[in-house]
Protein chains: 2
Amino acid sequence: MKKFSANVIENQKVNFLFDDSKNLSGLSDIEFKKFKKIFIIFDQALKNSWVKEISEIIKKSKSELHLIPLKGIENIKSLREVEKLLYFLEESNCSKNDLIVSIGGGTILDLSAFVSSIYMRGVKLVMIPTTLMGQADASSAGKTCINGKQTKNLVGSLFMPLYVYNNIHILKTADKYSHRQGLSEIFKYGLLGSKKLIRYLEQYARDSLENDPLLLKILIETIKVRIKLRKIDPLVSNLGHTFGHAFESESKNLVAHGDAISVGIVCSLKLSLKKRYISKKLYSQLIKIMRDLNLNINIDKSSNVERVVNLMKKDKKSDGDQIGFVLLTDIGKIAKTKNKKFLFLDAKYVSSFLTELYKDKDFLVTNHWKQLIKNV
Amino acid sequence: MKKFSANVIENQKVNFLFDDSKNLSGLSDIEFKKFKKIFIIFDQALKNSWVKEISEIIKKSKSELHLIPLKGIENIKSLREVEKLLYFLEESNCSKNDLIVSIGGGTILDLSAFVSSIYMRGVKLVMIPTTLMGQADASSAGKTCINGKQTKNLVGSLFMPLYVYNNIHILKTADKYSHRQGLSEIFKYGLLGSKKLIRYLEQYARDSLENDPLLLKILIETIKVRIKLRKIDPLVSNLGHTFGHAFESESKNLVAHGDAISVGIVCSLKLSLKKRYISKKLYSQLIKIMRDLNLNINIDKSSNVERVVNLMKKDKKSDGDQIGFVLLTDIGKIAKTKNKKFLFLDAKYVSSFLTELYKDKDFLVTNHWKQLIKNV
């Protein structure tokens, strides 16, 4: 037998643009006029605000414009919707040299990027996230996805947009709830890889979450850290996720991802403290920043330890009764079990840890999750 | 505004295995036992032959086996079939660490590789092509696809299999018709990038297309050339395609892709000769090899020059009345129009060239296309 290994395809580069201009002037960096046809897939709730402003700018290119409004709800991340979009592109004779522009939060970005990635094996894509979570997460690592029959984000691809346009000013019209989800994601990246980012966030909290130039710096640093971590292992960004995903499921998805992950991070920090990986001082300092950023640091009393631990055993890092965690020994330093990439703990140990944690009144609020939802 | 560009994802390597053992012993290179679950998606026509032999070998891994038979017809390359397969994987709790093995010709490989590429953003895949076209083409450049509503291969992704297992012995059970399609593809890669491959093919024709060790060498060289060309430009491999795709459409897809492309190559060589890019000697030598390989070098009389030229104007390399061609000035050397990657010729010129060509009796056979189909 003969054999050889080969890299068949070269990498694509993503161009990240970070703008704080009110009139979206940074969009002029993108040569829209190079494209014969431009398809704008957007959240219909933004039709008369950002989409109107952005399409006015794109119109100057004299390209043939197609506007495709979608509902910004989780339900649209389905194969049915993918089919509709693919057939629309086919009927409109969209070619590989045309452009798709996606405007919206995570849901719209996930779906439209997935469609862009599989139409003719990839049409050029410009992503314009309109939420902080969209800027920090959905558009920054080449992930695109739709849901399976039962599993969230089951189906997807890795695909690089041509440009990601992040404008801080666009975030002004998003709500506090959505801002908090994004900050939770950003805080996680700070813990995983950048003391500088943690310092920025400390300052941002002191400025009452209202320092725009600082937010721009925060975003840039977040995306740099994210790309660095992505290359180590996609699962590294799972800090707080083993707990967080379980809480999310246990709440029947009433708790948003960011809120679930931030309390998951609290649990991970507490566990790191218990294992003496981090000092009491660092622990307290980090929890203070989380409080100041208004991140969710609470578990709901109604959640059941046994069910939560069972859910944690199903986590993609876990193996049987060994539950896998991304825990820290310091900012940017990940705890490992011998010969493994992450830390593995026995389910029984995790169960007794959680039982103890539930007695800690700092982390328990009755009906807290419902309050999180209402508190938009 | 601030900006930066970044490569977000590292490349994956593909392991190509080339085997000539009758008992498929080369498969032992693949550590099947590392996978808890293995899903074998295969052409049901091979159930009692290769699939049986291969699954006997895989069974030794003690992994949980799931057998998924499919019809090896073009119709299955649909979103409906993709949905069925995705939901089957979801219901079977297929995880990102499980394995999909795909066994069959181009149709089965295209569909199952597409599903592998989008389930959980990519499940590990072993491809076992059972036709020469499958080995030389469908499995060698990370392409995966399904059809659109009207357009063949409209939807797809770029995705690297973990292993491609090419066994020459498996090809013995494929028919001559399918062998000819593969040889046509291989001849094209020879012209585009490897004098060595053309020499091999000359020898292979002399050995009545029955020299197995040589066929193994041919395959290895083909895949090396293919990967080299892929990195220059995916469209480079379009030699013969501007003519060939038009003939394919004009025959209402009665002519198989390989047969249409090989006569497309003849037209391209004739055009290169007319433009004095290549010598009469090289032209005659190449046509002789094509004849000896039993490749199709005939256009059907029933095809209409005007319709063919109109179809050529729709080719993805064309731009209005300027028709784009991959033409050669020598083996491995591509003719270019100034500042362009390929050669552009006016539709009128192409039309008069074809009209002249149609008078050449060497290239005209009545009802030839129907004979090609029957001549399995």
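# Briefing: core, sheets and salt bridges of a predicted model

The largest nonpolar core has 224 residues, and the members that touch the most others are A:Phe187, A:Leu354, B:Phe187 and B:Leu354. The model is predicted. Two open sheets of seven strands are described below, one ordered from β4(A) to β1(B) and the other from β1(A) to β4(B). Over all chains there are 39 salt bridges and zero disulfides.

**Nonpolar core and buried contacts**

- In soluble globular proteins, nonpolar side chains tend to be buried together.
- Beyond its neighbours within four places in sequence, B:Phe187 is in contact with B:Ile198, B:Leu201, B:Ile265, B:Leu286, B:Ile289, B:Met290, B:Leu293 and B:Leu295.
- B:Val236 sits in the loop between α7 (212-232) and α8 (241-250) of chain B.
- The relative accessible area of B:Val236 is 3%, under the 20% limit, so B:Val236 is buried.
- Not counting residues up to four places away in sequence, B:Val236 touches B:Leu192, B:Leu229, B:Val326, B:Ile334 and B:Phe342.
- From B:Val236 to B:Thr329 the separation is 93 residues in sequence, and the C-alpha to C-alpha distance is 14 Å.

**Sheet from β4(A) to β1(B)**

- This open sheet has seven strands in the order β4(A)-β3(A)-β5(A)-β6(A)-β9(A)-β2(A)-β1(B), and its pairing is mixed.
- Its edge strands are β4 (64-70) of chain A and β1 (2-7) of chain B, each of which pairs on one side only.
- From one strand to the next, the twist averages 15 degrees.
- Strand β3 (residues 37-43) of chain A runs parallel to strand β5 (residues 99-104) of chain A, and five bridges join them.
- A:Ile40 has A:Val101 in β5(A) as its bridge partner.
- Helix α1 (residues 50-59) of chain A lies across β3, β4, β5 and β6 (124-129) of chain A, at about 175 degrees to β3(A).
- Helix α3 (residues 106-118) of chain A also packs on the sheet, where it touches β3, β4, β5 and β6 of chain A, and its direction makes about 165 degrees with that of β5(A).

**Sheet from β1(A) to β4(B)**

- The order here is β1(A)-β2(B)-β9(B)-β6(B)-β5(B)-β3(B)-β4(B), in an open sheet of seven strands with mixed pairing.
- At the edges are β1 of chain A and β4 (64-70) of chain B, each pairing on one side only.
- The twist averages 15 degrees from strand to strand.
- Five bridges connect β2(B) with strand β9 (residues 163-167) of chain B, and the two run parallel.
- B:Phe18 has B:Asn166 in β9(B) as its bridge partner.
- Helix α2 (residues 79-91) of chain B lies across β3, β4 and β5 (99-104) of chain B and runs at about 165 degrees to β4(B).
- Helix α3 (residues 106-118) of chain B packs on the sheet and touches β3, β4, β5 and β6 (124-129) of chain B, with its direction at about 165 degrees to that of β5(B).

**Salt bridges**

- Over all chains the count is 39 salt bridges.
- One of them joins the side chains of B:Asp29 and A:Lys3, at 2.5 Å from N to O.
- That pair crosses between chains: B:Asp29 is in the loop between β2 (13-19) and β3 (37-43) of chain B, and A:Lys3 is in strand β1 (residues 2-7) of chain A.
- B:Asp29 counts as partly exposed, because its relative accessibility of 28% lies between the 20% and 50% limits.
- A:Asp259 and A:Arg180 form a salt bridge whose closest N and O atoms are 2.8 Å apart.
- This pair links distant parts of the chain, 79 residues apart, with A:Asp259 in helix α9 (residues 257-274) and A:Arg180 in helix α5 (residues 176-193) of chain A.
- A:Asp259 and A:Arg180 are both buried.
- A:Lys317 forms a salt bridge with A:Asp315, with 2.8 Å between the closest N and O atoms, and both residues are buried.
- A network of salt bridges links A:Glu74, A:Lys77 and A:Asp110.

**Cysteines**

- The search of the whole structure finds zero disulfides over all chains.
- A:Cys94 is in no disulfide, and its nearest cysteine sulfur, that of B:Cys145, is 17 Å away.
- A:Cys94 counts as buried, at 2% relative accessibility.
- B:Cys94 is in no disulfide either, the nearest cysteine sulfur being that of A:Cys145, 17 Å away.
- B:Cys94 counts as buried, at 2% relative accessibility.

Conventions: Residues are numbered from 1 along each chain as its sequence is written. Chains are lettered from A and ligands numbered from 1 in the order in which they are written. This is a predicted model: local features need pLDDT of at least 70, side-chain atom pairs count only at pLDDT 80 or more; totals for chains, interfaces and linings use all residues. Side-chain values use heavy atoms; hydrogens and water are left out. A nonpolar core is a set of buried Ala, Val, Leu, Ile, Met, Phe, Trp, Tyr and Cys residues joined through side-chain atoms within 4.5 Å. Buried means under 20% relative accessible area, exposed over 50%, partly exposed in between (1.4 Å probe, protein chains only). Contact means heavy atoms within 4.5 Å. Two strands pair if DSSP finds at least two bridges between them. Helices (H or I, at least four residues) and strands (E, at least two) are DSSP runs, numbered from the N terminus. Axes are lines fitted to C-alpha atoms, for helices over the stretch in contact, and angles run from 0 to 180 degrees between N-to-C directions. A disulfide is a pair of cysteine sulfur atoms within 2.5 Å. A salt bridge is a side-chain nitrogen of Lys or Arg within 4 Å of a carboxyl oxygen of Asp or Glu.
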